[in-house]
Amino acid sequence: MASGLAQTINKVLDLCRAHADGLPQKVLDEEIPDLELLSQAINFLLSKQKLVVFTQGDNIVYKEQNTEVAVKFKGLTSEDMLVYQSIEAAANQGIWTADLKRRTNLQQPQINKALKNLEGRSLVKAVKTVTNKNRKVYMLFELTPSREVTGGAWYTEQDYDAEFVDVVKQQCLQFITKQGLADLQAIADAIRKSGITQVELGLEEFKQIMDTLVLDGDVDETMGGETYSSDTVCYRVAKSRIPETSALTNIPCGICPVLRECQPGGLISPETCVYFDQWLSF
Amino acid sequence: MATAFGRTLCCNLIQTHFGDVVERVVECLINRGPLAFGDISRYSELGSEAVKSSILVLIQHSCVQAFKVEHEGASATAPRRVVTYYVAISDNIFHRMRFPKFLVAVREDFGEEAESLVEGLLEHGRLTLEQIIQRTAAKAAKAEGEVANEVKETFTKLVTARFIERCPSPEPWLNQKDPRELLSKVARGASKVRGPVLSAEDIVQSEVVQRVIKAAAPLETQRFQLPVSMAGLGVSDSDSQMAEGSQASEKRKLEALEMDMKTAAAVDEKEVLWRVNFEEFLRKMRHQTCVDTVKTELDIGASVVLSAMLQATRKDETSVRQHHSVPLSMDGITQAVWSTPDGQHMPLERIRSSVQQLASDKIGYISRAGERAGPALGGNSYSVNMHNIIEARQKSEVEGIVLQRFGRECCRIFRLLVRKGQLEQKQIGEQAMAPKTVKALLYCLLKEQYVQVQEIARTSEHVARQSIFLWKADYQVVLHRVLDDLYHAATNLCLRHAHEIRKEQEVLELVDQLDARKDAGSDAHVTLTSDQQEQVKRISRITKILDVSLLKLDDTILLFHDF
Ligand code: SF4
């Protein structure tokens with residue numbers, strides 16, 4: 001019996017090697033008709049982390065665990081493995097614990113335990129997401145989180161780095177002021193060369209910066225000019241800025257937070273207004 | 001077109017200028033639309049004498065216009081009824097706070113005598129030529145005969161320049177298609193304290209006002225026709241008309257006409273009423289705004305050219321809000337520039353390049369008016385796009401207000417929405433590079449009604465969590481919002497002004513008394529205490545700040561409401 005089991009085990013492993021991209025259950029059933037023996041062999045292999053189970057569509061397939069990986073996973077329970085596989089499937093997007101629960105059909109404590117084990121072995125890691133700061137997602141340890149998770153170049157530690165954005169904006173504006181006219185590539189090259197940042201900024205990021213500068217009324221977009229061909233989008237310092245003063249905002253009411261509540265003779269009224277008092281008293 | 005606070009400001013201005021009783025009448029008319037005499041009396045709870053004198057004052061100052069409507073009888077056989085209605089002309093009421101500007105403008109063009117003549121008209125609303133002469137004589141302490149010629153000369157200049165005009169018909173008929181329907185729509189409106197900035201009723205009402213004004217207006221040819229006695233002094237249309245009828249058979253008629261004219265002249269001077277033509281003043285200020293804009297955006301050369309173009313075509317404008325000026329050929333432009341003091345030495349090349357500059361800018365200050373003019377008419381013709389210039393100015397003013405009121409990031413979001421139409425919050429956060437703050441900023445703008453949000457339900461049950469929320473900035477709504485805020489702020493300035501004066505009433509009265517005594521020649525034994533002097537200094541400083549601020553604020557109101 002024991003030798004029968006050993007034989008069966010070897011046979012299973014052989015079959016696995018023959019079907020490198022996954023050994024279907026069907027094949028196993030055909031090759032090893034003794035169901036009792038087969039299940040014993042598979043259970044043995046699974047418990048020893050020599051074999052992994054997958055589902056491919058409706059079919060169950062087996063693969064041999066290579067030795068290196070086998071060491072990595074040594075001593076993990078099948079629940080741990082289930083959690084690991086779900087996390088692996090989520091790739092660099094990561095997966096949230098609630099989704100893990102749904103995928104694996106495990107209870108929260110089991111999942112927590114599994115996560116603890118996996119994290120302890122540096123197999124997976126928790127990453128904070130920008131979309132929801134209190135929510136952590138899990139992904140394989142060696143993966144770099146996707147842009148959706150980190151927010152991209154403008155995020156430092158999952159936090160939008162407004163200061164950094166401002167610095168880059170100022171640099172771009174300075175360069176354009178000096179240059180008179182520049183296209184995106186020239187701006188990007190200049191800023192990268194200046195070495196103000198270690199962060200890798202792509203053209204996409206520079207475009208974002210320039211769009212913001214246009215919206216701020218600091219630079220104008222034009223087509224071509226000077227050495228640029230007429231179908232290149234170029235930037236130059238804006239001819240007219242957004243006005244810094246106006247007749248309305250020069251008087252208290254123009255910037256008054258309670259303008260809408262202020263009524264002649266009302267609780268808040270121009271007769272009793274303290275903003276006016278201050279304005280008229282100096 | 002007055003917003004909610006526009007109406008408040010109207011009432012306020014009337015109150016300051018004419019007192020409480022007149023204000024109550026105006027309040028009824030402004031808030032309820034055109035009313036018959038009895039209704040005014042009823043709504044204002046004033047006696048008919050008080051209403052009558054108020055209305056007379058208001059009509060005298062062109063703040064109210066009367067008009068007649070014929071109503072059908074109750075039954076087919078019953079006689080028709082003619083009812084006179086009164087309607088407030090809010091635009092003219094607003095103009096009252098611009099009088100100082102009008103005076104400055106007329107002095108610039110025609111000197112101090114003209115200013116004093118216009119001042120008289122503004123003060124009294126309407127005057128005959130005879131009264132104008134009398135007033136000038138009284139002021140200068142001279143005999144009427146001494147000043148008459150001088151006054152007539154100034155008068156002619158002002159009429160020719162269209163700064164003064166004949167008064168409109170006192171009580172025109174309004175019998176275009178069914179005015180009653182319009183009237184019934186507005187007359188029932190109760191006063192609205194809050195609500196949308198501009199209600200449908202406002203729009204209907206402004207339509208009525210426009211139609212009444214049109215019905216009352218004298219024919220364009222008569223509007224600026226000089227009194228018969230002075231027809232030779234100016235370039236009046238009637239001159240050329242008469243010159244045509246030179247046949248012998250016409251000669252007798254002409255003689256008869258001359259006889260008539262002598263009597264007519266006397267009648268004219270005594271009976272025809274004149275008033276200030278606000279439109280022309282507005283036109284002048286609007287042109288000035290266009291020229292100033294070009295001066296700051298481009299350069300002086302371009303502004304000189306634009307100014308000359310506007311001057312040359314000014315007489316052909318038919319409305320204050322004219323979109324384009326009449327096209328002018330390149331030769332015409334050159335002539336126009338050379339005839340202005342600033343442009344008389346401008347080289348042809350310079351003029352050409354300025355025209356190019358004006359035409360090629362993306363605002364499109366001027367545009368080529370159709371190639372069809374052809375070389376025969378001196379090449380291309382150009383017309384000034386006043387509308388574009390005014391719109392650009394409004395836009396920059398709005399953005400400035402958003403910037404100073406809500407800060408840079410809000411302004412960025414606002415500009416983004418104006419350009420892109422509709423966006424979701426997440427997109428806005430990304431494109432305006434303010435992902436953290438976008439929510440707070442949007443709600444801040446929403447609260448002040450500079451942006452709107454629309455829910456698009458994805459499920460039939462309208463589950464908010466599953467809906468898409470689209471944000472947008474409806475520019476027209478924002479324009480009204482800004483205008484209403486401007487009126488609101490102006491109202492507050494006026495109220496505070498009145499309040500400050502009231503607070504210092506005692507001292508101010510004392511000062512008046514002292515002045516009166518000084519004038520009477522008695523030595524002033526009483527002087528103000530140092531505290532009182534301080535008070536007087538303070539109040540005059542404060543009122544000055546308030547006055548100047550109001551005039552500046554009004555420049556912006558003009559930009560958004562009248563130009
Ligand atoms: S009067 Fe005072 S309280 Fe009222 S809107 Fe103006 S600043 Fe605000």
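This briefing describes selected local features of chains A and B and of the ligand site. The model is predicted. Its ligand lies between chains A and B, and the shell around the ligand holds 11 nonpolar residues, 1 polar residue and no charged residue. The points below also cover helix α3 of chain A, the strand pairings of chain B and several loop residues.

**Ligand site**

- Chain A contributes to the ligand surroundings Pro252(A), Cys253(A), Cys256(A), Val258(A), Leu259(A), Cys262(A), Ile268(A), Pro270(A), Cys273(A), Tyr275(A) and Phe276(A).
- Chain B is represented around the ligand by Asn492(B).

**Helix α3 of chain A**

- Helix α3(A) comprises 13 residues, 35-47. At 1.5 Å a residue the expected span is 18 Å, and the end C-alpha atoms are 18 Å apart, which agrees.
- The buried residues of α3(A) are Leu37(A), Leu38(A), Ala41(A), Ile42(A) and Leu45(A). Viewed down the helix axis, these buried residues fall within an arc of 125 degrees, so they line one face of α3(A).
- This pattern can be related to helix geometry: an α-helix has 3.6 residues a turn, so residues three or four places apart point the same way.
- Leu35(A), Asn43(A) and Ser47(A) are exposed and sit on the face of α3(A) turned away from the buried side.
- At the start of α3(A), a side-chain oxygen of Asp34(A) comes to within 3.1 Å of the backbone nitrogen of Glu36(A).
- After α3(A) comes Gln49(A), which has a positive phi near 60 degrees.

**Strand pairing in chain B**

- An open sheet of 3 strands in chain B has the order β1-β3-β2, with antiparallel pairing. Its edge strands are β1 (35-36) and β2 (64-71), each of which pairs on one side only.
- Strands β2(B) and β3(B), the latter spanning residues 81-88, run antiparallel and are joined by 8 bridges. Within this pairing, His71(B) has Arg81(B) in β3(B) as its bridge partner.
- Strand β6(B), residues 273-276, runs antiparallel to β4(B), residues 127-128, and 2 bridges join them. Here Leu273(B) of β6(B) stands opposite Thr128(B).
- Strand β5(B), residues 164-166, is joined to β6(B) by 3 bridges, again in antiparallel fashion. Arg275(B) in β6(B) stands opposite Glu165(B).

**Buried loop residues in chain B**

- Thr340(B) belongs to the loop between α16 (330-338) and α17 (348-360) of chain B. Its relative accessible area is 14%, so Thr340(B) is buried, the cut-off being under 20%.
- The side chain of Thr340(B) reaches the backbone oxygen of Val337(B) at 2.8 Å.
- Ala473(B) occupies the loop between β12 (468-472) and α22 (475-503) of chain B, and it counts as buried at 13% relative accessibility.
- Ala473(B) and Ala336(B) are 137 residues apart along the chain, and their C-alpha atoms are separated by 42 Å.

**Non-glycine loop residues with positive phi**

- Met433(B), although not a glycine, has a positive phi of about 50 degrees. Met433(B) is found in the loop between α20 (425-431) and α21 (438-447) of chain B, and at 4% relative accessibility it counts as buried.
- Ser122(A), likewise not a glycine, has a positive phi of about 55 degrees. Ser122(A) is placed in the loop between α7 (108-120) and β5 (124-128) of chain A, and at 38% relative accessibility it counts as partly exposed.

Technical notes
Residues are numbered from 1 along each chain as its sequence is written. Chains are lettered from A and ligands numbered from 1 in the order in which they are written. This is a predicted model: local features need pLDDT of at least 70, side-chain atom pairs count only at pLDDT 80 or more; totals for chains, interfaces and linings use all residues. Side-chain values use heavy atoms; hydrogens and water are left out. A residue is near a molecule or strand if one of its heavy atoms lies within 4 Å of it. Ala, Val, Leu, Ile, Met, Phe, Trp, Tyr, Cys and Pro count as nonpolar, Asp, Glu, Lys and Arg as charged, and the others, Gly among them, as polar. Two strands pair if DSSP finds at least two bridges between them. Helices (H or I, at least four residues) and strands (E, at least two) are DSSP runs, numbered from the N terminus. The expected span of a helix is 1.5 Å times one less than its number of residues. Buried means under 20% relative accessible area, exposed over 50%, partly exposed in between (1.4 Å probe, protein chains only). The arc is that of the directions from the helix axis to the C-beta atoms. A polar contact is a pair of N or O atoms within 3.5 Å; within protein, one must be able to donate a hydrogen and the other to accept it, and residues adjacent in sequence count only if both atoms are side-chain atoms.
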